[in-house]
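Visitor: I am new to this structure and should like to understand how its descriptions are justified. May I put some questions to you?

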Amino acid sequence: MTPASAYPPGRRIAPSILSADFARLGEQVDEVMAAGARVIHVDVMDGDFVPPITIGPMIVGAIADRIHAAGGIVDCHLMIERPQAQVGEFARAGADSITVHAEATAHVNRVVHAIHDCGCAAGVAINPGTPVAALDAIAGDCDLLLCMSVNPGWGGQSYIPSSTGKLAEIGALAPAAVLEVDGGIDPETAPAAAAAGSDWLVAGSAIFGKPDPAAAYAEIAAAAGAG
Ligand code: DX5
Ligand code: ZN
């Protein structure tokens, strides 16, 4: 049994809590889980790989149990330098899947195996300016490949149109891995990303930036043909 066997099947919208109301984070997670979400995306930023500082393992620990109890998984996206130093903490906090950036470590192979050694599924992400070839040597060891469709750091940016072609290229590289797209996903951009083969579509501001996150979730899911 591989750690990725915990992944929910089919195409999924993955709400990013980056855009949630942190004063009532648990409630917001419950709302999207009740609407059908099974992948909760956690954007971890260190003020170094990207300028903002956001979420650490304590927040993952605060919400992991309720996500698991509702049948979901915690999808941690580490936008941090030296990710190898942190994967253990996120795994202990309740992460099911941990994704690191190819640009953030000279030892991506070692980090992917360290994530597996912690019992988690492992993903590798690339920025919009990074060629798909950066994934060539590691794709076969990954449970998930993440194509950034904005430059990481902030929610609410516009989808970069060239991401669609890149998604198809990444999908062809590792058909067995989950293909995740992250940034600028809304009911207008989701169909193209889905048609290019995206399995998981991360959406932050288009869900939690709306007055009714559950309704916004349903709208994106319908547009993407996702559960
Ligand atoms: C960007 C993050 C994204 C972000 C997406 O650096 O990795 O996950 O939350 O936000 P939206 O959906 O608002 O573009
Ligand atoms: Zn993300």
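Visitor: How do you know how the lining of the largest pocket divides by class?
Guide: In this predicted model, the lining has 12 nonpolar, 13 polar and 3 charged residues. Gly counts as polar in this scheme, and G155, G156, G183, G184 and G204 are the closest to the centre of the pocket among its 28 lining residues.

Visitor: What makes up the space and the lining of the largest pocket?
Guide: The pocket holds about 300 Å³ of space. Strand 2, strand 3, strand 8 and helix 7 (205-208) each give two or more residues to its lining.

Visitor: What takes the space of the largest pocket?
Guide: That space is taken by ligand 1. A molecule sits in a pocket if more than half of its atoms lie within 2 Å of the grid points.

Visitor: Why is the pair between D43 and ligand 1 called a polar contact?
Guide: The cut-off for a pair of N or O atoms is 3.5 Å. An N or O atom in the side chain of D43 is 2.6 Å from an oxygen atom of ligand 1, so the pair qualifies as a polar contact.

Visitor: What makes the pairs at H77 and G184 polar contacts?
Guide: For H77, a polar side-chain atom lies 3.4 Å from a ligand oxygen, and this is within 3.5 Å, so the pair counts. For G184, a polar backbone atom is 2.8 Å from an oxygen atom of ligand 1, and therefore this pair counts as well. The protein covers 100% of the 380 Å² of accessible area that ligand 1 has on its own.

Visitor: Which element gives the largest share of the shell around ligand 1?
Guide: Strand 2 does, with 3 residues.

How values were computed. Residues are numbered from 1 along each chain as its sequence is written. Chains are lettered from A and ligands numbered from 1 in the order in which they are written. This is a predicted model: local features need pLDDT of at least 70, side-chain atom pairs count only at pLDDT 80 or more; totals for chains, interfaces and linings use all residues. Side-chain values use heavy atoms; hydrogens and water are left out. A polar contact is a pair of N or O atoms within 3.5 Å; within protein, one must be able to donate a hydrogen and the other to accept it, and residues adjacent in sequence count only if both atoms are side-chain atoms. Accessible areas come from the Shrake-Rupley method with a 1.4 Å probe; for residues, only the protein chains shown count as cover. On a 1 Å grid over the protein atoms alone, a cavity is a set of points where a 1.4 Å probe fits but cannot get out, and a pocket is an open set with protein on both sides within 12 Å along at least five of seven lines; lining residues have an atom within 4 Å of a point. Helices (H or I, at least four residues) and strands (E, at least two) are DSSP runs, numbered from the N terminus. Grid points are joined across faces, edges and corners, and a volume is the space filled by probe spheres set on the points.
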